[in-house]
Amino acid sequence: MRFGGSLIRTMASLDSFFRRARHPLRLATVLAALAIVIPRMELAFGLQRTLGHMFLIALIILIGWTMILLISHFTDRAIRRHCLDDKST
């Protein structure tokens, strides 16, 4: 019985995480597509270099955004677990 409750909490936690990560996942998809397409395009060196720099900046933003979401997610999860533990004692 306890296993089922644990599984439900885990699924709810994953659902919460993916709801929060919806926008960063969209950005990651766009960046992955650009990483595949831009090197195969015949662009001037200066333009390709500029796009490469913009790609790296967007990647850094994506990593930071993802870290903020993960910290927020795990903080909320720990707070919920603590509140549930307090109510059961």
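Trainee: Does L59 count as buried, partly exposed or exposed, and why? Which value settles that?

Mentor: Good place to start! This is a predicted model, and in it L59 has a relative accessibility of 31%, so the residue counts as partly exposed. The partly exposed class lies between under 20%, which is buried, and over 50%, which is exposed.

Trainee: Where does L59 sit along the chain?

Mentor: Look for helix α3, which covers residues 45–88; L59 belongs to that helix.

Trainee: Which residues make a nonpolar surface patch with L59?

Mentor: For a patch, a residue needs over 30% relative accessible area. Here L56, I63 and M67 join L59 in a nonpolar patch of about 350 Å².

Trainee: How many helices and strands does the protein have?

Mentor: Count 3 helices and 0 strands. Following the sequence, you read the pattern α-α-α.

Trainee: What share of the residues is buried?

Mentor: The protein has 89 residues, and 12% of them count as buried. As for the surface, about 7300 Å² is exposed, with carbon and sulfur atoms supplying 71% of that area.

Trainee: Where is confidence lowest, and where is it highest?

Mentor: For this we use pLDDT, the predictor's confidence in each residue, from 0 to 100. Helix α1 (residues 2–20) has the lowest confidence, with a mean of 65, while helix α2 (residues 22–37) has the highest, at 89. Over the protein, the average pLDDT is 81, and 78% of the residues score at least 70.

Trainee: And how do I read contacts along the sequence?

Mentor: Take the contacts between residues at least 6 apart in sequence: 80% of these join residues at least 24 apart.

Methods
Residues numbered from 1 in each chain as written. Predicted model: local features only at pLDDT ≥ 70, side-chain atom pairs only at ≥ 80, totals over all residues. Heavy atoms only, no water. Patch = residues over 30% accessible without salt bridge, like charges linked within 9 Å, V, L, I, M, F, W, Y side chains within 5 Å. Areas by Shrake-Rupley, 256 points an atom, 1.4 Å probe, with all protein chains shown as cover. Salt bridge = Lys/Arg side-chain N within 4 Å of Asp/Glu carboxyl O. Helix = DSSP H or I, 4+ residues; strand = E, 2+ residues; numbered from the N terminus. Buried < 20%, exposed > 50% of the residue type's maximum accessible area, 1.4 Å probe, protein only. Contact = heavy atoms within 4.5 Å.
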